[in-house]
Amino acid sequence: LKSISTDEGKALDDQQSPQFQAFNWLSSKGIFAGNVETAEKYALATLYYSTDGDNWIRSDNWLEDNDTCNWASNRPAATCTGGKLVELDF
C-alpha cells in the first residue's frame, strides 16, 4: 500500500489515521491478498474509520468478514452489480 499511496505511506505510519486503522483491521483478519476485493475492503474500512463509523446510526454489518455488498445492506444503502459494490448512498 505504501508504494501506491499518494503520500508515500505516511498515513499508514500514523497509528491515529483512518488508513492505519483500516490496514490494522485487514491485518487482524488475515487479509493480505493484493486484489480488487482487498482494495475495496481497505477503501471502505478507511471510509468507516475516517467518518467515525462506530457512531453511525446504522453501522451493522460493517467490517465483517463477508462480502462488502453485505456491509452496507441497510444504511448507508449500497448498490452492487455483479457482486461488486458500485455505489453508496449516504
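Is Cys-69 buried or exposed in this structure? Cys-69 is buried, with a relative accessible area of 14%. Keep in mind that you're looking at a predicted model. Below is a quick tour of its disulfide, its nonpolar core and its aromatic rings.

**The disulfide**

- Let's start with the basics: a disulfide is a covalent bond between the sulfur atoms of two cysteines.
- Searching the whole structure turns up one disulfide, and the two partners are Cys-69 and Cys-80, with 2.0 Å from S to S.
- This pair ties together distant parts of the chain: Cys-69 sits in helix H4, while Cys-80 belongs to strand S1 (residues 77-81), and the two are eleven residues apart.
- The torsion about the S-S bond of Cys-69 and Cys-80 is about -120°, so this disulfide is left-handed.
- What about the surroundings of the two ends? Cys-69 counts as buried because its 14% relative accessible area is under the 20% cut-off.
- Cys-80, on the other hand, is partly exposed, since its relative accessible area is 32%, and that falls between the 20% and 50% limits.

**The nonpolar core**

- The largest nonpolar core is made of 15 residues, and Trp-25, Trp-62, Leu-63 and Trp-71 have the most contacts inside it.
- Three helices each chip in at least two residues of this core: H2 (18-28), H3 (36-50) and H4 (68-71).
- Which helix gives the most to this core? That's H3, with four residues.
- Now zoom in on Trp-71: leaving aside residues up to four places away in sequence, its contacts include Trp-25, Trp-62 and Leu-63.
- Trp-71 also touches Lys-41, Asp-60 and Glu-64, among others.

**The aromatic rings**

- How many aromatic pairs are there? The count comes to four.
- One of them is Tyr-48 with Tyr-49, an edge-to-face pair with 5.5 Å centre to centre and 85° between the planes.
- Those two tyrosines don't share an accessibility class: Tyr-48 is buried at 5% relative accessible area, whereas Tyr-49 is partly exposed at 23%.
- Tyr-48 also pairs with Trp-56: their ring centres are 5.1 Å apart and their planes are at 70°, so this pair is edge-to-face.
- Trp-56 counts as buried, with 17% relative accessibility.
- Put the ring pairs together and you get a cluster that links Tyr-48, Tyr-49, Trp-56 and Trp-62.
- You've met Trp-62 already: it's one of the residues with the most contacts inside the largest nonpolar core.

How values were computed: Residues are numbered from 1 along each chain as its sequence is written. This is a predicted model: local features need pLDDT of at least 70, side-chain atom pairs count only at pLDDT 80 or more; totals for chains, interfaces and linings use all residues. Side-chain values use heavy atoms; hydrogens and water are left out. A nonpolar core is a set of buried Ala, Val, Leu, Ile, Met, Phe, Trp, Tyr and Cys residues joined through side-chain atoms within 4.5 Å. Buried means under 20% relative accessible area, exposed over 50%, partly exposed in between (1.4 Å probe, protein chains only). Contact means heavy atoms within 4.5 Å. A disulfide is a pair of cysteine sulfur atoms within 2.5 Å. Rings of Phe, Tyr and Trp (its six-membered ring) pair if their centres lie within 6.5 Å; planes under 30 degrees apart count as stacked, over 60 as edge-to-face and the rest as tilted.
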